[in-house]
Amino acid sequence: MAAISFNPRLNVQGGRKNHGVVVEEIEGLIRIYGDGHVERPPIIPSAPCMVTNGVVSKDVAIEKFTNLWTRIYVPSYSSKMPLLVYFHGGGFCVGSASWRCYHEFLAALASKAGCIILSLNYRLAPENRLPAAYDDGINTLMWVKQKARNGANEHKWWLNQCRFSSLFLAGDSAGANIAYNVAIRSYGISGSSIKPLILKGIILIQPFFGGEERTISEMHATQPPNSALTLSVFDTYWRLSLPLGANRDHPWCNPLAEGATTLRELKLPGAMVCISEMDILKDRNLEFCNALASAGKWVETRMYKGVGHAFQILHNSQFSQIRTQEMMSHLKAFINQ
């Protein structure tokens with residue numbers, strides 16, 4: 001897979017004069033104007049559905065009112081397979097299930113791990129601030145539950161190959177945050193609420209958590225060139241995605257904040273947390289893993305050396321290919337244990 005450039009001077013669109021002043025911007029990715037208009041330059045190409053390495057993919061509508069849809073990946077395995085619901089990254093504000101980088105990563109994961117993947121195209125902030133993305137995640141699980149129960153003919157091409165007793169929620173960056181929050185909503189309230197689905201585990205890749213107090217890695221991490229996540233970008237994403245008036249100690253941002261439901265009180269399945277050594281989120285991710293373990297939760301922590309945030313998607317490091325293959329092997333083992 002080729003590296004993806006985040007040169008902020010690429011794909012800059014005109015039209016600023018039509019919408020007033022720019023009030024928030026992450027160069028090359030998103031621009032918000034004073035009148036509320038939002039621009040997202042097409043910096044990353046989309047991939048059509050296709051057969052990739054024996055994996056069939058199709059886009060399926062879930063809810064027309066919110067334009068919620070999913071890209072479903074089905075590898076050519078003869079036996080029933082685990083089901084993995086995946087949430088893409090992008091700071092809650094950018095990204096798509098059709099982005100080529102996600103299509104290639106998830107098609108490869110479906111093939112290697114032998115699992116069916118539903119890659120969700122959830123609503124984005126700031127037009128739809130949190131908890132919109134969490135609601136889309138829950139609605140997707142309810143949709144899958146309904147399809148599993150009634151065996152809809154038009155969905156048998158993937159339903160008939162699912163092992164519903166092995167459901168996993170996964171995501172990278174903001175998508176990992178969504179996976180976690182959907183898990184504690186669906187699993188923590190009542191495990192029976194999503195039957196016949198049984199949530200077996202959550203996979204959090206470089207989870208996008210924050211807090212008002214800075215960590216050492218947030219302030220001093222040595223990052224690779226063209227890093228996908230700097231501290232200023234981190235702050236901007238949270239300003240655009242949290243409810244108006246909330247700060248970074250809101251529980252959706254900081255699950256360890258004072259006032260948040262304690263981890264010991266939560267019902268959670270086993271978790272795998274993937275951390276990048278050169279990511280500004282490294283310390284916060286490690287702190288979260290330690291808190292899970294201290295609360296008696298089962299957690300598997302994986303550290304990837306010499307790479308930064310979203311390396312497995314952006315391939316922006318000399319070590320990206322090697323580390324991505326390591327990650328794929330770890331994910332396969334976790335999903336099939």
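Here are a few exercises with worked solutions on this predicted model.

**Exercise 1: a small sheet**

Work out how the strands of the open three-strand sheet are ordered, and which of them stand at the edges.

*Solution.* Start with the order: the sheet runs E1-E2-E3, and the pairing is antiparallel. Next, look for strands with a single partner: those are E1 and E3 (38–39), so each has one side left without a neighbour in the sheet.

Now zoom in on one pair. E1 covers residues 22–26 and E2 covers residues 30–33, and four bridges join them in the antiparallel sense. You can follow the pairing residue by residue: Val 22 sits opposite Tyr 33 of E2, while Glu 25 sits opposite Arg 31 of E2. Finally, check the turn. Three residues lie between the two strands of this hairpin, and Gly 28 has a positive phi there, near 85°.

**Exercise 2: the annotated serine**

Find the residue that UniProt marks as "active site", and decide whether that residue is buried or exposed.

*Solution.* First, the record: an unreviewed UniProt entry puts the "active site" feature at Ser 173. Second, the location: Ser 173 is in the loop that links strand E9 (162–172) to helix H5 (174–189). Third, the accessibility: the cut-off for buried is under 20% relative accessible area, and Ser 173 has 7%, so Ser 173 counts as buried. Last, the surroundings: if you skip residues up to four places away in sequence, Ser 173 touches Gly 89, Ile 205, Gln 206, Pro 207, Phe 208 and His 309.

**Exercise 3: one face of a helix**

Take helix H8 and work out where its buried residues fall when you look down the axis.

*Solution.* Begin with the helix itself. H8 spans residues 282–294, 13 residues in total, and reaches 18 Å from its first C-alpha to its last, close to the 18 Å expected. Then list its buried residues: Arg 284, Asn 285, Phe 288, Cys 289 and Leu 292. Down the axis of H8, these buried residues fall within an arc of 140°, so they line one face of the helix. Just to round things off, Gly 296 follows H8 and has a positive phi, near 85°.

**Exercise 4: the nonpolar core**

Name the residues that touch the most other members of the largest nonpolar core, then trace the contacts of Trp 158.

*Solution.* The core has 106 residues, and the ones touching the most other members are Trp 158 and Tyr 180. Now set aside the neighbours of Trp 158 within four places in sequence: its contacts are Ile 72, Val 74, Ile 116, Leu 118, Trp 143 and Val 144. As background, nonpolar side chains tend to be buried together in soluble globular proteins.

Notes: Residues are numbered from 1 along each chain as its sequence is written. This is a predicted model: local features need pLDDT of at least 70, side-chain atom pairs count only at pLDDT 80 or more; totals for chains, interfaces and linings use all residues. Side-chain values use heavy atoms; hydrogens and water are left out. The expected span of a helix is 1.5 Å times one less than its number of residues. Buried means under 20% relative accessible area, exposed over 50%, partly exposed in between (1.4 Å probe, protein chains only). The arc is that of the directions from the helix axis to the C-beta atoms. UniProt positions are given in the numbering used here, feature names are shortened, and annotations may be inferred rather than shown by experiment. Contact means heavy atoms within 4.5 Å. Two strands pair if DSSP finds at least two bridges between them. A nonpolar core is a set of buried Ala, Val, Leu, Ile, Met, Phe, Trp, Tyr and Cys residues joined through side-chain atoms within 4.5 Å.
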